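User: I have some questions about how the terms applied to this model are justified. Please set each value against its definition.

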4 protein chains.
Amino acid sequence: MPTATLLVSCPDQQGLVAKIANFIYANGGNIIHADQHTDLSVGLFLTRIEWELDGFNLPREVIEPAFGAIAKPLGATYSLHFSDQVPRLAIWVTKQDHCLLDLLWRQQAKELKAEIPLIISNHQELAAIAQQFKIDFHHIPITKATKAEQEAKQLALLQEYNIDLVILAKYMQVLSPDFLGQFNQVINIHHSFLPAFAGAKPYHRAYDRGVKIIGATAHYVTQDLDEGPIIEQDVVRVSHRDDVKDLIRKGKDLERIVLSRAVRLHLQNRVLVYGNRTAVFA
Amino acid sequence: MPTATLLVSCPDQQGLVAKIANFIYANGGNIIHADQHTDLSVGLFLTRIEWELDGFNLPREVIEPAFGAIAKPLGATYSLHFSDQVPRLAIWVTKQDHCLLDLLWRQQAKELKAEIPLIISNHQELAAIAQQFKIDFHHIPITKATKAEQEAKQLALLQEYNIDLVILAKYMQVLSPDFLGQFNQVINIHHSFLPAFAGAKPYHRAYDRGVKIIGATAHYVTQDLDEGPIIEQDVVRVSHRDDVKDLIRKGKDLERIVLSRAVRLHLQNRVLVYGNRTAVFA
Amino acid sequence: MPTATLLVSCPDQQGLVAKIANFIYANGGNIIHADQHTDLSVGLFLTRIEWELDGFNLPREVIEPAFGAIAKPLGATYSLHFSDQVPRLAIWVTKQDHCLLDLLWRQQAKELKAEIPLIISNHQELAAIAQQFKIDFHHIPITKATKAEQEAKQLALLQEYNIDLVILAKYMQVLSPDFLGQFNQVINIHHSFLPAFAGAKPYHRAYDRGVKIIGATAHYVTQDLDEGPIIEQDVVRVSHRDDVKDLIRKGKDLERIVLSRAVRLHLQNRVLVYGNRTAVFA
Amino acid sequence: MPTATLLVSCPDQQGLVAKIANFIYANGGNIIHADQHTDLSVGLFLTRIEWELDGFNLPREVIEPAFGAIAKPLGATYSLHFSDQVPRLAIWVTKQDHCLLDLLWRQQAKELKAEIPLIISNHQELAAIAQQFKIDFHHIPITKATKAEQEAKQLALLQEYNIDLVILAKYMQVLSPDFLGQFNQVINIHHSFLPAFAGAKPYHRAYDRGVKIIGATAHYVTQDLDEGPIIEQDVVRVSHRDDVKDLIRKGKDLERIVLSRAVRLHLQNRVLVYGNRTAVFA
């Protein structure tokens with residue numbers, strides 16, 4: 001059964017829960033999930049509310065304007081999602097296959113409710129996987145000189161394939177501010193427990209520092225490299241017996257699990273970004 | 001600032017969030033925490049809702065009957081709590097001091113908002129700690145023959161000290177069904193990852209089984225030994241190098257942390273029991 | 001560079017480390033890994049010792065009898081392994097693909113140093129994966145009536161393919177004592193934190209019990225169902241929001257990681273079984 | 001029964017295990033724990049070896065020179081420890097009591113085999129705890145102007161009390177290079193998952209960054225602030241519901257557990273520092 005989900009953030013004030021719940025109840029909706037959080041440090045009320053469309057009196061195309069009439073006087077920003085509008089993902093990779101395969105498996109196993117029509121890579125190693133899963137593969141190599149031009153091609157592909165979300169599944173290139181200005185729904189997996197070891201070669205640096213735990217971080221991409229809002233992190237123990245290769249091997253399991261959790265949370269509209277933070281209504 | 005908290009469970013139906021939120025909003029209340037869950041397997045709607053009493057129009061003594069008028073037609077059961085009514089705890093122990101000390105320290109550090117006027121033990125070893133913290137200590141030894149009579153004394157003490165919650169902080173005796181029939185707000189810490197190793201000597205049995213992880217479980221006490229609703233669990237890795245003494249030592253850290261987390265959640269009215277399960281609105 | 005590894009257990013006594021180390025040193029071997037453990041509760045000394053074959057004076061075929069001459073008076077049992085003798089695995093499955101895919105992917109990524117020439121299943125669903133990875137697939141359905149006869153076929157295949165280790169990667173059948181009497185190098189993944197929820201439908205029972213953490217367990221298979229020596233376990237948090245389907249989904253990630261860790265440890269000869277326990281020299 | 005423990009590091013070469021084990025065996029020693037690691041990246045062999053002194057033929061005062069004769073040609077550095085020589089600790093604090101109390105409890109519970117004759121603080125808040133545990137308390141306030149002079153007093157106290165190890169149990173002052181030049185056996189607990197949030201106010205910065213996991217780190221103190229060799233780390237999950245106060249509260253549990261684990265490992269001579277790393281033979 002299809003559902004509608006509202007993600008709302010607005011300045012904290014009395015009656016917010018009542019007003020939003022009444023909007024749904026008055027129109028015959030049955031709420032199946034509602035979660036609120038008030039961030040007192042910034043005076044923001046945040047909520048995720050999901051209800052069944054079956055029996056809801058408002059036609060779909062009217063829900064957004066109708067809710068807008070309530071949201072405007074509250075100073076609220078919001079987004080509305082329908083569970084049967086399946087998002088379309090592009091997965092971007094370089095040479096490593098573990099995150100890509102993991103996402104594709106999970107999509108086939110219906111853990112991720114999404115279509116994946118497009119894989120983009122700056123290398124050619126993973127073309128065979130795309131072929132095996134019958135997904136279009138576009139090889140777009142990047143050099144300093146060609147970056148602007150190649151990003152234009154990437155943006156054109158996102159438009160052509162009608163992509164809602166880009167997943168950087170170990171894509172070893174930085175997106176330019178220009179690119180992000182035109183397309184900003186991007187999730188990245190960083191192979192460290194951010195903010196530790198932001199930047200390049202985190203496992204080598206973790207080894208050099210002698211840490212006893214390593215991690216991985218999934219975050220939205222912003223113009224500040226490795227500084228975007230964090231969606232999910234996880235860690236695993238290491239010891240003096242683990243050399244850099246062991247860290248990389250252990251980290252790969254972290255990367256694919258953390259990335260897939262973050263993508264799933266995003267696809268279920270459970271992540272609300274505010275400032276440089278996320279509320280995750282899991 | 002004092003708050004009121006409602007914990008509500010009722011058969012799932014349309015308009016529940018709206019009705020409860022309206023009750024608070026209509027009376028001038030500002031909701032600072034609201035969390036819902038619908039357990040579809042049993043058709044139950046569960047919610048915790050907390051609002052500021054400051055500015056709320058209903059006098060305290062009227063809130064419960066007023067909400068009752070809403071709850072009755074919904075078939076809801078509920079409990080109402082005021083944050084400035086500080087619960088009174090009795091801690092029951094045998095000989096081990098780690099959970100007791102931890103709870104007392106957290107209460108002093110204001111992590112646990114509670115009064116602790118009473119310690120009961122079937123042994124005398126921990127009397128000095130009670131004295132140091134200026135808490136009344138009652139030594140009530142238990143034998144098979146004296147159990148009924150001694151439990152009567154325990155119940156009298158709970159009444160005399162006006163106790164809201166008993167914490168079995170490594171109290172190595174089983175409470176009788178009779179006792180629990182008269183007082184059933186009891187949290188126990190079991191030194192295993194239940195349901196593994198229910199019953200006696202869990203660390204010895206965990207060692208014999210050769211497990212690679214041990215755990216601890218905080219749960220409400222029911223007449224079925226070690227079968228009550230679980231509030232919190234946690235685990236720690238062990239290896240072949242750990243003998244039974246190491247398991248006991250590592251387990252003590254788990255026990256005190258798991259127990260104190262469970263007590264804190266209970267004191268903040270974040271635990272809603274339904275059937276033999278808990279919803280923990282953390 | 002090839003190495004030799006000895007796994008030794010013997011009654012504790014003076015001079016064991018010296019005698020074993022001398023045997024290797026006297027013959028020109030360079031030890032690259034040595035780890036010992038004395039289990040005082042049973043008076044057993046356990047060790048894993050690995051050295052480079054390059055420069056070692058004894059021909060390979062002489063190492064075992066030569067070490068045997070030292071081991072016999074010590075009452076030691078031992079096994080000898082050469083790193084360049086790559087073990088041959090058979091993976092047994094039913095219908096679920098996640099553990100199978102994970103093992104195959106890790107073998108391709110060289111995380112598992114093994115050959116995988118054979119997949120056996122009591123169903124046909126996973127034949128396509130075998131084909132894709134170019135591995136022989138044998139469909140051997142099992143009913144109560146045909147079990148003895150079909151196990152004979154399975155044993156014949158293990159012999160034909162010269163299999164060293166069977167991995168039950170969510171194979172939903174119990175191996176008979178007869179089978180295990182003839183082939184006992186078998187690792188199973190159980191989808192619970194053993195000994196909790198041994199037997200069937202562990203996720204359903206975990207849900208019913210209301211646990212806050214679920215787990216998975218990799219163990220050697222013995223004639224006592226779910227009672228064999230544990231190699232590895234891991235856990236993940238769940239909450240009241242997770243229904244049985246969520247537990248199954250979260251559990252799948254645990255299962256594949258725990259199983260693959262256990263298989264890797266076994267393949268590196270890091271697991272020493274004694275009694276119903278394991279020492280894992282990781 | 002008393003034991004001797006050797007911690008040895010030396011350039012990797014053939015016969016090291018044999019030579020060290022023979023030294024002990026030839027003198028009648030029974031090894032109860034031996035663990036080795038070869039760090040190939042720096043070509044170092046590291047070992048911890050512990051044996052019973054009962055029945056060992058060499059008098060205690062001869063063991064070090066006797067082993068020195070073996071160590072010298074190998075280019076080895078080593079330290080020798082006797083289990084019945086109980087180390088003497090000084091605990092340094094500022095105002096927070098949780099780590100101090102935890103260490104004192106564990107020492108009383110015999111989890112930490114050490115004497116604790118001295119507590120030093122730059123404030124007076126914790127004097128009562130020292131008194132309660134009958135430990136000398138010295139109040140040594142520090143200002144920029146008085147730092148050198150006050151550190152001289154601190155060093156004099158360490159000498160007077162014959163202190164082997166200083167534990168900075170939330171001591172909110174930096175030790176000068178001068179101080180560390182004269183006394184360098186110092187363990188610190190840092191309230192973050194280093195190298196993330198090195199320096200001041202890590203919980204505030206973790207909150208601002210929106211991390212989903214926080215940590216604590218126990219490390220040896222060196223002249224580079226928060227850069228010394230890490231002994232132990234651990235982490236705990238946080239969510240958008242946790243404000244800075246919650247992070248601080250959750251972090252306190254991490255801090256005391258991570259610090260006490262590190263101190264225990266050090267006291268059992270299980271930590272071998274090399275370069276800026278540790279091998280922890282746990």
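User: How many residues does each chain give to the contact of chain D with chain B, and what makes two residues a contact?
Analyst: Chain D gives 6 residues and chain B gives 6. Two residues are in contact if their C-beta atoms, placed from the backbone, lie within 7 Å. On the side of chain D, α8(D) gives the most, with 3 residues. This is a predicted model, in which local features need pLDDT of at least 70 and side-chain atom pairs count only at pLDDT 80 or more, while totals for chains, interfaces and linings use all residues. Residues are numbered from 1 along each chain as its sequence is written, with chains lettered from A and ligands numbered from 1 in the order in which they are written.

User: Why is α7(C) called oblique to α8(C)?
Analyst: Helix α7 (residues 202–209) and helix α8 (residues 244–267) of chain C pack at about 125°, with axes 9 Å apart. Angles under 35 degrees count as roughly parallel, over 145 as roughly antiparallel, 65 to 115 as roughly perpendicular and the rest as oblique. The angle of about 125° falls in the rest, so α7(C) is oblique to α8(C).

User: Which residues of α7(C) make that contact?
Analyst: They are C:Y203, C:H204, C:A206 and C:Y207, set against C:V244, C:L247, C:I248 and C:G251 of α8(C).

User: What makes β6(A) and β7(A) a pair?
Analyst: Two strands pair if DSSP finds at least two bridges between them. Strand β6 (residues 115–121) of chain A and β7(A) have 4 bridges, in the parallel sense, so they meet the criterion. A:S121 has A:H139 of β7(A) as its bridge partner.

Definitions and conventions. Helix = DSSP H or I, 4+ residues; strand = E, 2+ residues; numbered from the N terminus. Axes fitted to C-alpha atoms, helices over the stretch in contact; angles between N-to-C directions.
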